[in-house]
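Dear colleague,

Please find below the structure that I am handing over to you. My findings follow directly after it.

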There are 2 protein chains.
Amino acid sequence: MQAEIITIGDELLIGQTIDTNSAWLGQELSLRGISIYRITSVSDRKEEIIDAIDQALERSQLVLVTGGLGPTKDDITKHTLCEYFNTKLVVNQEVLDRVEAFFKQRGREMLPANTLQASLPEACTVIHNYHGTASGMWFEKNGNILISMPGVPYEMKGIMIDGVFPKLAELFENNSIFHKTMHTQGIPESFLAEKIADWEIMVRESGLSLAYLPSPGVVKLRLTSSNGEVDKTKIDAYFAALEFKLPKHIFGYNEDTLSSVIGKMLKEKDQTLATVESCTAGGLAKEITKTPGASAYFEGSFVTYSNKLKSLIAHVPENVIKQFGAVSEETVIELATNGRKLLETDYCISISGIAGPDGGSLEKPVGLIWVAIAHPKGVFTKQFLFGGNRENIISMTILSALNLLRCTLLEIND
Amino acid sequence: MQAEIITIGDELLIGQTIDTNSAWLGQELSLRGISIYRITSVSDRKEEIIDAIDQALERSQLVLVTGGLGPTKDDITKHTLCEYFNTKLVVNQEVLDRVEAFFKQRGREMLPANTLQASLPEACTVIHNYHGTASGMWFEKNGNILISMPGVPYEMKGIMIDGVFPKLAELFENNSIFHKTMHTQGIPESFLAEKIADWEIMVRESGLSLAYLPSPGVVKLRLTSSNGEVDKTKIDAYFAALEFKLPKHIFGYNEDTLSSVIGKMLKEKDQTLATVESCTAGGLAKEITKTPGASAYFEGSFVTYSNKLKSLIAHVPENVIKQFGAVSEETVIELATNGRKLLETDYCISISGIAGPDGGSLEKPVGLIWVAIAHPKGVFTKQFLFGGNRENIISMTILSALNLLRCTLLEIND
């Protein structure tokens with residue numbers, strides 16, 4: 001089964017909104033064995049919407065459309081769909097009741113624009129939206145399916161999970177694409193490719209396809225089989241072979257993140273973690289707590305953005321900062337070991353670096369980062385030098401620090 | 001001038017990578033008066049790439065292609081472009097020298113895959129990449145332009161800024177689209193629409209077009225004129241009229257963020273800020289420090305994720321937590337006022353809430369958030385109840401807390 005995704009909205013074309021809906025839909029469809037042929041973003045103009053859906057319905061059996069269904073006047077998708085499918089809007093009493101209940105429950109007044117959201121094309125099957133007021137609409141044409149949903153991500157996701165996937169599962173059996181993705185940290189794409197060149201030849205000759213998915217700090221390797229689950233064991237074995245080769249870099253598979261992986265390890269050991277952060281300013285703590293249940297092992301942090309707070313709350317002697325600088329091995333050792341004591345945890349990660357754009361010097365350029373990990377047996381430090389902009393440097397730092405903790409927990413020495 | 005964007009890569013279709021390149025390109029092109037007709041994402045397969053670029057070059061004068069130019073073997077874009085433009089790969093000595101210098105500078109060994117990156121289509125004009133090893137390529141066909149660039153965001157951005165935009169500016173005069181966007185916080189889209197209904201009619205009758213751009217916590221209003229800068233004064237006047245109506249909600253325009261706006265206000269007043277965070281776990285500090293130069297006013301934070309740290313480092317009396325709970329007005333008052341004293345700042349924002357998915361109860365449901373702002377004259381608190389998932393609740397909380405600080409700084413009372 002082949003699907004396409006169409007996202008509607010001028011805000012996508014002029015880049016005021018990043019299209020995260022397509023990525024989520026792509027992921028969920030792939031997991032269900034549905035391949036995505038194309039993603040198209042078009043403006044709110046009627047002709048362009050019609051052009052895009054007409055082309056997509058010619059090519060693909062399933063077309064998922066998001067956006068252009070909010071309560072405000074610039075949303076024309078619903079009217080365009082009526083024209084395209086040659087139908088008219090009628091009030092759906094069940095939807096009207098639900099929209100009214102939605103507002104009552106939140107203690108908010110219902111507005112005329114919200115009432116209009118219960119007017120829906122007569123020719124569609126309504127897919128209920130339990131997280132908002134714009135319904136999903138399921139149309140069929142020449143045996144192909146088009147589903148239109150609002151663009152608000154959690155409303156769209158709710159409609160897919162509650163209504164669309166169950167209905168699709170009834171109608172179609174899954175076909176046989178199978179993916180598995182391995183995640184590496186701290187090794188650039190071209191180095192990884194060189195290191196695993198022989199393995200890659202072997203894998204490709206076995207009929208699997210391999211893709212490198214690089215992003216700052218993390219390179220993922222995806223193996224794809226078109227024989228479905230049959231190849232699962234083979235794929236597992238190929239990946240296992242790489243784990244021996246690159247234990248410092250391979251941290252997980254599929255939905256794993258560095259944050260979830262270290263969380264699992266700490267939980268198993270029944271140990272606790274804190275952070276003391278300078279340039280990342282809480283970004284490491286935020287990343288750690290993205291994993292639900294992080295409160296089982298994560299206690300908290302000092303964000304010592306200013307040098308004053310490095311001394312005042314993390315007790316770094318002022319002369320250490322004076323002599324070696326805030327970005328130095330000496331300072332991160334103080335931050336991590338003091339943080340571990342003051343925050344009363346088993347592990348403490350500290351970070352100090354120069355994220356730029358300003359603050360660099362010849363000796364200490366932008367991108368220079370020191371990380372220390374205080375652990376029950378001592379403290380471990382590492383220096384990094386990252387390229388790219390401020391945002392990039394910070395995200396590379398966070399990932400590298402988490403991987404360093406992972407290696408420390410596994411006692412993989414440098 | 002009309003442009004299209006094509007992003008290449010299976011990772012986009014299966015949702016392993018979110019396409020942020022299109023949003024950036026859309027933004028930058030719009031600012032230069034170039035309208036974007038369509039964004040298309042296709043797989044790494046040759047036929048699909050050719051199909052997409054052929055269609056786009058038929059419709060639009062400028063086609064920007066990103067992705068599929070890395071050093072690894074799954075990248076076939078370069079070969080596909082050779083076939084499409086009927087040309088062959090030749091070694092470009094200048095590029096080879098630059099790639100070699102790139103590796104030398106970083107003290108990294110150059111690999112054969114990197115050498116291959118200096119082989120480029122004979123028919124293209126090479127656009128140099130000063131941030132990586134894959135060059136940009138400028139092709140022309142029947143007077144239309146196609147530019148292919150690597151998918152790594154900061155490399156693509158570098159190529160656009162250093163090479164493509166200057167060349168486009170030479171070739172074309174900008175046409176006359178003019179946008180301005182106003183940002184609001186804390187008012188749902190349908191409420192905003194209802195409140196400004198009369199204004200909206202007036203604006204539309206004056207020939208401007210209006211779009212609502214909702215995202216969790218922030219709704220943006222974009223006014224667009226097709227008469228270019230001529231309408232700038234008119235657009236400014238319409239927005240100024242709204243500022244009187246919604247001072248609590250309107251926080252800025254275009255590139256402004258809540259973080260940059262409060263940064264500017266604090267700098268002007270020469271005052272300092274700290275945070276004490278529970279459920280947001282450093283996310284507020286991270287948001288504040290996204291603004292370059294934040295060190296002028298931001299000192300740091302306590303991340304008191306556990307109740308133990310709320311008492312241990314932020315000195316909340318244990319009986320306050322016991323009697324009222326960690327998520328309570330009493331606790332956030334203690335966190336903010338103690339944080340302000342201990343971190344020695346003029347302002348301190350504290351947050352405690354239930355981000356879910358677990359931890360909710362009938363009395364204190366998931367989404368319940370308390371925020372306190374300790375300021376030189378006292379402390380101000382506010383309770384929120386947000387819907388959506390964990391991620392959504394956290395980002396709504398961060399934005400609402402920043403807007404609360406903004407209102408406190410402006411002395412807009414509730």
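**Nonpolar cores and a buried strand**

In this predicted model, B:Ile349 is in contact with B:Leu273, B:Ala274, B:Thr275, B:Val276, B:Leu284, B:Val371, B:Ala372, B:Ile373, B:Ala401 and B:Leu405, leaving aside residues up to four places away in sequence. A second core, of 42 residues, lies apart from the largest one and includes A:Leu343, A:Cys348, A:Ile354 and A:Ala374. The largest nonpolar core itself comprises 74 residues, and B:Ile349 is among those with the most contacts inside it, together with A:Leu273, A:Ile349, B:Leu273 and B:Phe298. As a general point, nonpolar side chains in soluble globular proteins tend to be buried together.

I would also draw your attention to strand β16 of chain A, residues 368–375. Because 8 of its 8 residues are buried, β16(A) is largely enclosed by the rest of the structure. In a regular strand, side chains alternate between the two faces of the sheet. In β16(A), one side carries A:Leu368, A:Trp370, A:Ala372 and A:Ala374, the other A:Ile369, A:Val371, A:Ile373 and A:His375, and all of these are buried.

Which strands pair with β16(A)? Strand β15(A), residues 347–353, runs antiparallel to β16(A) and is joined to it by 6 bridges; within this pairing, A:Ile351 has A:Val371 as its bridge partner. Strand β17(A), residues 378–385, also pairs with β16(A) in the antiparallel sense, over 8 bridges, and here A:Trp370 is partnered by A:Gln383. A hairpin of 2 residues connects β16(A) to β17(A).

With kind regards

Technical notes. Residues numbered from 1 in each chain as written. Chains lettered and ligands numbered in written order. Predicted model: local features only at pLDDT ≥ 70, side-chain atom pairs only at ≥ 80, totals over all residues. Heavy atoms only, no water. Buried < 20%, exposed > 50% of the residue type's maximum accessible area, 1.4 Å probe, protein only. Helix = DSSP H or I, 4+ residues; strand = E, 2+ residues; numbered from the N terminus. Pairing = 2+ DSSP bridges. Core = buried A, V, L, I, M, F, W, Y, C linked by side-chain atoms within 4.5 Å. Contact = heavy atoms within 4.5 Å.
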